[in-house]
Amino acid sequence: MRAEPSPRLRAVNTDEGEPGTFKDRHYLETDPQRVLEGMLIAAWAVEAGSVYFYLRDEYPHIWALMLVEIAALRKAVLSAHTEIHLRRGAGAYICGEESAMI
């Protein structure tokens with residue numbers, strides 16, 4: 001990806017539209033810092049200036065948690081190289097598909 005012209009963007013899909021899937025919810029509820037750290041490392045590796053974090057709309061408690069965690073990253077200046085955009089899922093399976101997200 002570094003060979004591609006800027007701007008470079010990253011998309012993180014935590015919509016979990018597949019029936020019976022809840023792994024993203026588990027990791028976001030129990031260790032959101034690890035998820036965000038991985039997201040920032042991936043963005044740094046490809047020199048992405050922005051990350052769009054797509055979160056299932058049925059997880060309002062995680063939305064609130066992510067707002068707190070992202071604010072903590074900004075306060076600690078750990079995300080200075082990457083702008084983080086938190087986006088709510090659109091409520092349909094197809095909306096979490098990569099080309100639909102973009």
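# Touring a predicted protein chain

Student: Which residues does Glu47 touch, not counting residues up to four places away in sequence?
Tutor: Let us start by saying that this is a predicted model. Contact here needs heavy atoms within 4.5 Å. With residues up to four places away in sequence left out, the partners of Glu47 are Arg2 and Arg8.

Student: Is Glu47 buried, partly exposed or exposed?
Tutor: First find Glu47 in the loop between helix 2 and strand 2 (50-55). Its relative accessible area is 44%. Buried means under 20% and exposed means over 50%, so Glu47 is partly exposed.

Student: How far apart are the C-alpha atoms of Glu47 and Arg10?
Tutor: Along the chain, Glu47 and Arg10 are 37 residues apart. In space, their C-alpha atoms are separated by 9.5 Å.

Student: What is the phi of Glu47?
Tutor: Glu47 is a residue other than glycine, yet its phi is positive. The value for Glu47 is near 55°.

Student: Which other residue, not a glycine, has a positive phi of about 55°?
Tutor: Look in the loop between helix 3 and strand 3 (83-88), where Val77 lies. At 57% relative accessibility this residue is over the 50% cut-off, so Val77 counts as exposed. The residue with the positive phi is Val77.

Student: Let me step back to the whole chain. What pattern does it follow along the sequence?
Tutor: The protein chain has four helices and three strands. Read along the sequence, they give the pattern β-α-α-β-α-β-α.

Student: What share of the contacts with a separation of 6 or more joins residues 24 or more positions apart?
Tutor: Think of the sequence as a string, and ask how far along it two touching residues sit. Among contacts in the protein chain with a separation of 6 or more, the share from residues 24 or more positions apart is 76%.

Student: And what part of the chain is buried?
Tutor: The chain has 102 residues. A residue is buried when its relative accessible area is under 20%. Buried residues make up 32%.

Student: Is Glu16 buried or exposed?
Tutor: Glu16 sits in the loop between strand 1 (9-14) and helix 1. Beyond residues up to four places away in sequence, Glu16 touches Thr21, Phe22, Lys23, Asp24, Arg25, Arg56 and Tyr59. Its relative accessibility is 4%, and the cut-off is 20%, so Glu16 counts as buried.

Student: How far is Glu16 from Leu55, C-alpha to C-alpha?
Tutor: In sequence, Glu16 and Leu55 are 39 residues apart. In space, C-alpha to C-alpha, the distance is 8.6 Å.

Student: Now the helices. How are helix 2 and helix 3 placed: parallel, perpendicular or oblique?
Tutor: The axes of helix 2 (residues 32-45) and helix 3 come within 11 Å and cross at roughly 55°. Under 35 degrees would be roughly parallel, and 65 to 115 roughly perpendicular. The angle falls in neither range, so helix 2 and helix 3 are oblique.

Student: Which class has seven residues in the contact of helix 2 with helix 3?
Tutor: Helix 2 brings Pro32, Gln33, Leu36 and Leu40, while helix 3 brings Leu65, Met66, Glu69, Ile70 and Leu73. By class, there is one polar residue and one charged residue, and the class with seven is nonpolar.

Student: Is the crossing of helix 1 and helix 3 left-handed or right-handed?
Tutor: The axes of helix 1 (residues 23-30) and helix 3 come within 10 Å and cross at roughly 45°. Arg25, Leu28 and Glu29 in helix 1 meet His61, Ile62, Leu65 and Met66 in helix 3. Helix 2 passes helix 3 in a right-handed crossing, but the crossing of helix 1 and helix 3 is left-handed.

Student: Where is the cis peptide bond between Ser6 and a proline?
Tutor: Look at the segment before strand 1, where Pro7 has its place. Omega is near 0° for the cis bond from Ser6 to Pro7.

Student: Which helix has the lowest mean pLDDT among the elements?
Tutor: For the chain, the mean pLDDT is 88, and 88% of residues reach 70 or more. Where pLDDT is low, the predicted coordinates should not be read in detail. Helix 3 (residues 60-75) has the highest mean, 96, and the lowest, 66, belongs to helix 4.

How values were computed:
Residues are numbered from 1 along each chain as its sequence is written. This is a predicted model: local features need pLDDT of at least 70, side-chain atom pairs count only at pLDDT 80 or more; totals for chains, interfaces and linings use all residues. Side-chain values use heavy atoms; hydrogens and water are left out. pLDDT is the predictor's confidence in each residue, from 0 to 100. Helices (H or I, at least four residues) and strands (E, at least two) are DSSP runs, numbered from the N terminus. Axes are lines fitted to C-alpha atoms, for helices over the stretch in contact, and angles run from 0 to 180 degrees between N-to-C directions. Angles under 35 degrees count as roughly parallel, over 145 as roughly antiparallel, 65 to 115 as roughly perpendicular and the rest as oblique. A crossing is left-handed if the near helix is turned anticlockwise from the far one by less than a right angle, and right-handed if clockwise. Ala, Val, Leu, Ile, Met, Phe, Trp, Tyr, Cys and Pro count as nonpolar, Asp, Glu, Lys and Arg as charged, and the others, Gly among them, as polar. Buried means under 20% relative accessible area, exposed over 50%, partly exposed in between (1.4 Å probe, protein chains only).
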